[in-house]
Each structure stands twice: as structure tokens, then as C-alpha cells.
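Ready for some practice in reading a protein model? Have a look at the structure, try each exercise yourself, and then follow the worked solution.

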Amino acid sequence: MLLAIPALARADLPPEIERMLAAHKIPPTDVSVLVEEVDAREPALSHLAAEPRSPASVMKTITTWSALEILGPAYTWPTEVYFLGDFDGRKLDGSLLLKGYGDPYLVEEELWKMLRALRRSGLEEIGGDLVLDDSFFDPSDEPEPGAFDGQPYRTYNVVPSALMMNFKAVTFQFLVDPARPRVRVVTDPVLDNLKIRNSLELVDGACGGYNNGVEFSHANADTLAEVVLDGKFSRRCAGYTMNRTALQHDTYDFGLFRALWREVGGKFDGKLRKGTAPDGEQPALVWRSHPLGEVIRSINKNSNNVMTRDLVYTLGAELGAAPGTREKGLAAIRLFLAQRGIDVSSLSMQNGAGLSRDERASAQLLVDVLRAAYRSPFAPEFLASLSLGGIDGTTRGRFHRDNEVLMHVKTGRLDHVSALAGYVHADSGKTYVLAVIMNSEDAHRGPGQELEEAVVRWVQARP
């Protein structure tokens, strides 16, 4: 039995939207829609706008705007390098320590540039070990990587780390060997502490199937040091690429450091150790990340869950003292929103990225946040982080109309969830802020996008 919903909370949806819902047999009670002109007080369309629903990755707009306001667009993350021993200008007679502060974009090329800077300082040979300090974050209360969907090796499930390199991702490329009847496997990066047991069978037949027939697992789930590849791969496949996690954070960092240090001409034969940076000593090098104003572009345009979760921990460490934790970060976001006068009664956050079955936000909350962001001095940085409809990011290929910039939006999708929120520039020249959420059976299979596109068309055509 459905609960009665106050009349003011509901609205007669435009006929084209009602027809679309009816065609998919989706109850209007499974949908929230709120459309407001950015400079108007009354909504142009409001339907169950106060209902808490799963917004999927649209939740990232709340996290990124909060971080932008709290930390500022010029905020950067340091990565510190310490010499634990005597340095004669060429050789370090001791160990090298790396201390991370949560840089969410310490990708392979950034680490390579950092190591090049070390080489320019004169360092050629490291006589001791590599010591890693990731104590700035405490992810001990994080669920296991596979807790969300049973896919522990998917890159979107990577647990936060203060010293996360390259999202802990390994790209596996599968190719038919032209010289031998086998499937050749190439990885990027090439890590000499990662073993690959290639048991793939080369077969005839059509190219296709789940992961093109590749079955991915680990021989030892505790160390994640040996990947097992099974299954049947067709000769007709021109090639196939998958991204997976294949090591723990520290062993991945060690393997990547060792490979790139050799690449820049350095010498190192030491081992991996965990430790903490020495108190009172100055680092030999401080590497600065890209500024937050740029980082949130990668988060929102590409819907990067791992970077978002690291951002939550950064907020926790900066506002609640180190070590940063998930709870400290989420509390900082809620407090910030409340201080801005935004009603957070519908907000339930688990990781701030929307990668959760339990996160909730109303369309009203999303619009309130977007309206506040639009009026912020940092509005240009925030809007630039959103996907340009039909042009880039997660809406590339959608809402396309002669390369005209029609909207800045964030999308979200989980099983049975589809959502969209952002700014739509109507043909009239007016700008609208909107949020559309569908939590309904098979919403992610197409009906959710149809609803979002129907609402956008309705907004664009408003006189």
C-alpha cells in the first residue's frame, strides 16, 4: 500500500514525461524532478523533490563543491621525499622514504616527473630500502573492496590511501600472438613484482562474451602478487583491454617506484618497508599535486570514485586532524552544508562518491547545493568540472546538438538507479538548475536516461 503524498510535494508532470513513464510502466512515485530558474524563487517543475533517493554518482557534486569551498581551488597535496642516511651528492647511503598526504592524482606520469626531479638533485643510487609512509589517512573502518558488488578487483572499488599511486590500477591488454598459437598479455605499467599465470586458451568462433572470455582472479588474495588468467579468447578478437587492481597499495607503489626509478636512470636493489617520516627533519623534496580546481574536473567529468573517496579523507584530515578518516570527512561536509543554511535532513553519505546502496539525497538538496555553487566565487571552477552535454565526460554522445554547449551536468548510475543534476541553458537564453532521480526496477537499463532527456528537452523548450 502506497503512503499518501502531500499534494504540494507532487506535480502534474508534463504530458511527454508522463507518457514516457507509462510506456515503461514506471510509477511516478519512483521519480523525483526539480527544475528551477537560477534567478527565480519558485520552481518551474517540482515532483517529489523532498524525497530522499539514491543519487548514485551525482553525490559527487556535493563532495566536490564542499571541498572546493572548504579547501579552495588552489589547494594542493604534497608528497614528501626523505633521505634516511648520508647523501654524498650521488649515492644515498641509507633508505628513501616517501610520505603521502592523499594526492588523488599521483598517476604514473606524475610519479615519473617526481623521480626525474630527484635525479636532477643528483641522486643516482639508493643504498637502502624504500620506506612508505601512508599514515596521514586511516582507512581501517573501510569495508572490504568487494563489499559493494562482489568485484574486489575492479578499479572503482579501490580503498583510499594517503600514498595512492596511479589509482592502484593495472591495464591488461590481450592480443593474439601472430607468431605462436597463444594469447599474448601485456600490462601497463610493467611491474616486476606482479606475476601473471596465463592459462588463456586461443579458440575459434566469434569474438565476444563477458570480458571477451577472459576470467580474472588471483592465486593469493592476501598478497595479490599473482594474477591468474583463464578462459577462452577468440582468434577473431583484434584485441581487448581491461583495468584491474592486482596488488596491495604498498606492493603496487613499490613495484611502480622500482620500474620508474630504473627508467629515469636510477639504481636501487632494496626492499619494501613501512615506516613514518622522521619528526623535525626537512624533506629532501616536496612534490606538489595539481590544484584542487583541476582535480575535481577528473572527478566529476569522469566520475572517478577513488579520487572522490580520497578527497573525503583529505577533508577529514584537514578539518578533523590527521589521520583523516571517512567519518571525519563526511562530518565535515555535513557541517559545511548546514553552516551554509542548506537543509541536510535528506542526506545520508557512506563514502561521498555515490558508490553505495545506502547513500541518499533529495532532488531539493541537490538543487540547493547547485544553486549555492552557481552563486559562489568559485562557480567557474565548479561548472568547469561538470560534463558538457554531448561533448565530454559521462555525457559524451548524449544531448548532442551541433556542438552547442547546452548544459553542464553530472550523471549517476547504479543498478536500478539513474540520476542527473546540473545546469541547462534553455533556448530562451535562461539558465535552469535541475535534478532528476529515478529509483526503479531496471532504471539503469535505459528508462532513467529517457526520463533525464525528456526533462532536459522540456527545459530547453521553455519560452
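**Exercise 1.** How many helices and how many strands does the secondary structure of the protein come to?

*Solution.* Keep in mind that this is a predicted model. Going through its secondary structure gives 10 helices and 20 strands.

**Exercise 2.** Work out whether the radius of gyration agrees or disagrees with that of a compact globule.

*Solution.* Start with the chain length: for 463 residues, a compact globule would have a radius of gyration near 23 Å. Next, take the value for the protein, 25 Å, which agrees with that expectation. For the overall dimensions, the C-alpha trace spans about 75 × 60 × 45 Å along its principal axes. Finally, turn to burial: 55% of the 463 residues are buried.

**Exercise 3.** Find the disulfide and say which parts of the chain it ties together.

*Solution.* First, recall the chemistry: a disulfide is a covalent bond between the sulfur atoms of two cysteines. Here the count comes to one disulfide. Its partners are C207 and C237, with sulfur atoms 2.0 Å apart, inside the cut-off of 2.5 Å. Now place them: C207 sits in the loop between β10 and β11, and C237 in the loop between β12 and β13, so the link joins parts that are 30 residues apart in sequence. As for its geometry, the link is right-handed, with 110° about the S-S bond.

**Exercise 4.** Is C237 buried or exposed?

*Solution.* Buried means under 20% relative accessible area. C237 has 4% relative accessibility, so C237 counts as buried. Its partner C207, at 37%, counts as partly exposed.

Conventions: Residues are numbered from 1 along each chain as its sequence is written. This is a predicted model: local features need pLDDT of at least 70, side-chain atom pairs count only at pLDDT 80 or more; totals for chains, interfaces and linings use all residues. Side-chain values use heavy atoms; hydrogens and water are left out. Helices (H or I, at least four residues) and strands (E, at least two) are DSSP runs, numbered from the N terminus. The radius of gyration is taken over C-alpha atoms; the globule rule is 2.2 Å times the number of residues to the power 0.38. Buried means under 20% relative accessible area, exposed over 50%, partly exposed in between (1.4 Å probe, protein chains only).
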